[in-house]
Amino acid sequence: SVSICGAWHRGNDTFQSRAMLNILHRLRRRLFGAVTGEAMQSGFHFILNIFLVHTMTAHDYGIFSIVMIIGGIGLTYVRALAGMPASVFIGRSCSRRAAELHDVTFGSVAVVLSTGLALVTYILLQAWLGKHAFWGGLFVFLWSLRSYMRTASFALGYQRQVLYSDALFTITGVLSAVLFLSGNDGDKLFLSLNVLVFANAIGILATYCFARRRLRFSVGFGVRQRFLRIRHQLMWSAVSVTTANLQGQGLSVLVAGLAGPEAYAPIAAGLVMFVPLRVVAAAFVNIIQPVVAGDISRDHRTRLWAQARTWTMLLGGISLLYGLIAIPLLPLIRSSIFEGVSVTQIGLTCWVIFSAFLLYVMPRIMMESANAMKAVALITLGGAVVGMSLVYIILQIASPSWSLIGAAASELFVLLLSWIYVVRRFPRDDQRRQDLGFKGSDVLPPIVSQN
């Protein structure tokens with residue numbers, strides 16, 4: 001189990017170093033399990049994309065990538081309005097009952113949001129493609145709901161059960177992909193959506209079975225009151241995720257809309273090669289955010305900055321190592337999707353994009369845990385303006401693959417401003433008295449994991 005409560009002696013560097021090492025020691029198994037689970041399911045997505053790159057036409061693969069983008073955008077709203085608040089408030093909870101009440105509240109919000117996003121996806125796909133709309137909407141619903149369940153389960157201490165669920169999801173996805181896609185000349189887009197729907201449904205069922213959790217949905221008075229009490233910060237959370245989508249996914253939608261699915265296909269394939277880095281970030285956020293929320297609630301500045309330095313250096317090292325391995329291997333990919341474009345140029349730019357993303361994960365966690373969603377919204381809005389402006393200009397004068405430079409500039413802009421904000425918001429003052437009590441009526445100490 002992990003408990004963040006305890007004494008923190010002012011000015012004692014030796015004690016601080018030992019305490020940080022103790023935190024790392026206690027978190028290592030949780031981080032390993034989270035990264036393993038994310039790696040398994042991301043590995044399945046990665047292999048599925050590689051297979052589709054070689055078996056689909058550029059047009060069909062471009063459409064598949066756009067459907068995944070729509071689902072990914074929906075996922076961000078579920079995380080911003082349900083998953084992230086659940087992780088923060090469960091991390092601050094002083095009892096199991098309080099944590100479960102937060103889980104019921106934000107779990108109900110996740111169900112409502114997932115249903116609404118599925119309907120929106122269905123309408124968009126029906127109007128655009130005229131086919132596969134039902135399966136696309138169902139995939140978005142299950143994917144979004146499963147994402148919330150994983151985040152809440154990590155915060156509640158069910159790390160081992162989530163790992164088992166991820167393993168079953170991966171096995172189900174691989175076996176169904178082999179069964180439906182291998183050697184089948186049918187509609188690959190339809191079959192791939194069916195594979196994803198089936199795997200996510202099994203993953204949801206497995207999460208509840210392994211953790212022995214009940215699906216509790218309520219729109220009662222208590223749930224509404226708890227949700228309304230934080231409506232202001234949730235409003236800014238919704239604004240921030242909208243600007244973040246403009247800054248991130250919006251750039252891809254702009255390229256696909258202006259240049260077409262065929263032109264976007266090599267960009268999508270290049271981005272897929274670096275998705276494992278996003279997997280590491282997702283696992284990191286699920287484990288670390290409740291811990292950071294507890295540190296911020298108690299004003300443990302020294303420990304907060306020790307974690308910020310440690311985790312940022314670790315994520316930066318992972319990104320560097322991955323790039324040194326991946327970039328030389330990219331020219332070995334042989335596919336008609338990359339015809340007429342430089343695979344190395346796409347790979348290098350994607351590396352910059354994902355490296356910048358990893359390096360601002362920690363300040364983003366700190367801002368979210370401090371309810372500084374307005375700052376997140378303004379920073380990502382600035383990144384979106386910079387990125388989309390550059391993408392539009394580049395598309396007028398160069399081939400679409402060079403538009404990734406605009407995405408890289410956007411991520412670097414967010415990286416710089418995020419660190420500037422947290423340095424000013426959380427000044428390091430080692431002479432300050434560390435407050436081990438409460439700070440505000442809505443701040444509670446972190447829950448102790450049952451694992």
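A salt bridge is a side-chain nitrogen of Lys or Arg within 4 Å of a carboxyl oxygen of Asp or Glu. Arg-146 and Asp-166 fit this description, since their closest N and O atoms are 2.9 Å apart. The structure that holds this pair is a predicted model, and the paragraphs below lead from the chain as a whole to particular residues and then back to the salt bridges.

The chain is built from 16 helices and 0 strands. Its length is 451 residues, and 55% of them count as buried. The accessible surface comes to about 19400 Å², with 66% of that area belonging to carbon and sulfur atoms. Contacts within the chain may also be sorted by separation in sequence. Among those between residues at least 6 apart, 84% join residues at least 24 apart.

How far may the model be trusted from place to place? The mean pLDDT of the chain is 75, and 75% of the residues reach 70 or more. Among the elements of the chain, the highest mean pLDDT, 91, belongs to helix H16 (residues 404-425), whereas helix H1 (residues 13-55) has the lowest, 66. Over residues 1-16 the pLDDT is below 50, although this stretch has 36 contacts in the model beyond near neighbours in sequence. Residues 430-451 also have pLDDT below 50, and that stretch has 71 such contacts. Where pLDDT is low, the predicted coordinates should not be read in detail.

The interior of the chain may be considered next. In soluble globular proteins, nonpolar side chains tend to be buried together. In this model, the largest nonpolar core has 108 residues. Those that touch the most other members are Tyr-61, Phe-64, Tyr-148, Phe-274, Phe-284 and Met-366. Helix H2 (residues 58-92) gives the most to this core, with 14 residues.

Nonpolar residues are also found on the surface. Leu-246, Leu-378, Leu-381 and Val-385 make a nonpolar patch of about 340 Å². Helix H15 (residues 373-397) gives the most to the patch, with 3 residues. Leu-246, by contrast, is found in helix H8 (residues 231-247). Leu-246 counts as partly exposed because its relative accessibility is 36%, a value that lies between the limits of 20% and 50%.

Two further residues illustrate the terms buried and exposed. Leu-332 is placed in the loop between helix H12 (301-329) and helix H13 (343-359). With a relative accessible area of 60%, Leu-332 is exposed. Leu-332 is separated from Val-343 by 11 residues in sequence, and the two are 9.3 Å apart in space, C-alpha to C-alpha. Ser-176, on the other hand, lies in helix H5 and is buried, because its relative accessible area is 4%. Leaving aside neighbours within four places in sequence, Ser-176 is in contact with Leu-181, Val-195 and Phe-198. Ser-176 and Asn-194 are 18 residues apart in sequence, with 8.9 Å between their C-alpha atoms.

The account now returns to salt bridges. How many salt bridges does a search of the whole structure find? The search finds 3. In one of them, Arg-79 is paired with Glu-368, the closest N and O atoms being 3.0 Å apart. This pair links distant parts of the chain, for Arg-79 is in helix H2 and Glu-368 is in helix H14 (residues 361-369), 289 residues apart. The two partners may be compared by their accessibility: Arg-79 counts as partly exposed at 28% relative accessibility, while Glu-368 is buried with a relative accessible area of 6%.

Another is the pair with which this text began, where the closest N and O atoms of Arg-146 and Asp-166 are 2.9 Å apart. Arg-146 lies in helix H4 (residues 133-156) and Asp-166 in helix H5 (residues 159-180), so the salt bridge ties together parts that are 20 residues apart in sequence. Arg-146 counts as buried at 3% relative accessibility, and Asp-166 is buried with a relative accessible area of 1%.

Asp-166 also meets Arg-150 in a salt bridge, at 2.8 Å from N to O. Arg-150 lies in helix H4 and Asp-166 in helix H5, so this pair ties together parts that are 16 residues apart in sequence. Arg-150 is buried, as is Asp-166. Through shared partners, the salt bridges join Arg-146, Arg-150 and Asp-166 into one network.

Definitions and conventions:
Residues are numbered from 1 along each chain as its sequence is written. This is a predicted model: local features need pLDDT of at least 70, side-chain atom pairs count only at pLDDT 80 or more; totals for chains, interfaces and linings use all residues. Side-chain values use heavy atoms; hydrogens and water are left out. Patches are made of residues with over 30% relative accessible area and no salt bridge: like charges are joined within 9 Å, nonpolar side chains (Val, Leu, Ile, Met, Phe, Trp, Tyr) within 5 Å. Accessible areas come from the Shrake-Rupley method with a 1.4 Å probe; for residues, only the protein chains shown count as cover. Helices (H or I, at least four residues) and strands (E, at least two) are DSSP runs, numbered from the N terminus. Buried means under 20% relative accessible area, exposed over 50%, partly exposed in between (1.4 Å probe, protein chains only). Contact means heavy atoms within 4.5 Å. A nonpolar core is a set of buried Ala, Val, Leu, Ile, Met, Phe, Trp, Tyr and Cys residues joined through side-chain atoms within 4.5 Å. pLDDT is the predictor's confidence in each residue, from 0 to 100.
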